[in-house]
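Please open the model in your viewer and keep the selection panel at hand. The stops below follow one another as selections, each with a short account of what is there.

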Amino acid sequence: QLQLVESGGGLVQPGGSLSLSCTASEGSFNDYAIGWFRQAPGKEREPVACITRGGAYVNFGDAQRYRQTISRDNANNSVHLRINRLEADDTGVYYCAASSRGSSCTPNPTDFESWGQGTQVTVSS
């Protein structure tokens with residue numbers, strides 16, 4: 001059973017940067033695609049980025065996609081999301097999730113079977 005844990009969230013001023021980490025406390029990332037999702041207050045959970053088991057990646061969204069970088073380190077069972085030049089609209093709970101469809105990245109949360117507990121990101125002055 002793959003168990004995921006997110007970390008790295010917090011309160012950041014607009015224009016700052018933040019690095020989020022997703023680690024597998026149980027199981028291995030090797031055969032899974034790993035996605036990041038954000039759920040802002042009062043809004044639906046939406047895709048942020050995804051990386052396949054082979055290292056191919058997809059960035060979603062309009063404003064955030066050019067300010068973020070997703071990477072994975074299978075040796076350390078971890079996936080990272082770095083967001084630069086943070087904006088207030090980046091605020092939300094960030095979740096990482098694993099899909100057994102390891103070679104595919106989709107924006108649909110239902111395609112991901114395992115989820116972490118989420119980490120809160122608040123961008124405010």
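A polar contact is a pair of N or O atoms within 3.5 Å, where, within protein, one atom must be able to donate a hydrogen and the other to accept it, and residues adjacent in sequence count only if both atoms are side-chain atoms. This is a predicted model, in which local features need pLDDT of at least 70 and side-chain atom pairs count only at pLDDT 80 or more, whereas totals for chains, interfaces and linings use all residues. Residues are numbered from 1 along each chain as its sequence is written, and side-chain values use heavy atoms, with hydrogens and water left out.

Select E6 to begin, which sits in strand β1 (residues 3–7); strands (E, at least two residues) are DSSP runs numbered from the N terminus. The side chain of E6 reaches the backbone nitrogen of G118 at 2.8 Å, and a polar atom of that side chain also lies 2.8 Å from the backbone nitrogen of C96. Which side chain of opposite charge is nearest to E6? It is R45, 7.8 Å away, and E6 is buried yet has no salt bridge. Here buried means under 20% relative accessible area, exposed over 50%, and partly exposed in between, with a 1.4 Å probe and protein chains only; a salt bridge is a side-chain nitrogen of Lys or Arg within 4 Å of a carboxyl oxygen of Asp or Glu. For charge, Lys and Arg count as positive and Asp and Glu as negative, while His and the chain ends are not counted. If you display contacts (heavy atoms within 4.5 Å) and leave aside residues up to four places away in sequence, E6 touches several residues, including S21, W36, Y95 and T119.

Next, select strand β4, residues 33–39, where 6 of the 7 residues are buried. Two strands pair if DSSP finds at least two bridges between them. Strand β4 pairs with β9 in the antiparallel sense over 7 bridges, and F37 stands opposite Y95 in β9. With strand β5 (residues 46–51), β4 pairs in the antiparallel sense over 5 bridges, and W36 stands opposite A49 in β5. Strands β4 and β5 form a hairpin with 6 residues between them, and G42 in the turn has a positive phi of about 75°.

Stay with this hairpin and show the side chains of E46 and R38, which meet in a salt bridge at 2.2 Å, N to O. R38 is buried, with a relative accessible area of 10%, whereas E46 is partly exposed at 34%.

The structure holds 4 salt bridges, so continue with R67 and D90, whose closest N and O atoms are 3.0 Å apart in another of these pairs. R67 lies in the loop between β6 (57–59) and β7 (68–73) and D90 in the loop between β8 (78–83) and β9 (92–99), so the pair ties together parts that are 23 residues apart in sequence. Both partners are buried, R67 at 6% relative accessibility and D90 at 2%.

Finally, select R101 and D111, a salt bridge with its closest N and O atoms 3.3 Å apart. Both residues lie in the loop between β9 and β10 (114–115), so the pair ties together parts that are 10 residues apart in sequence. R101 is partly exposed at 42%, while D111 counts as buried at 19%. To close, add E87 to a selection of R67 and D90, since salt bridges that share partners join R67, E87 and D90 into one network.

Definitions and conventions
Helices (H or I, at least four residues) and strands (E, at least two) are DSSP runs, numbered from the N terminus.
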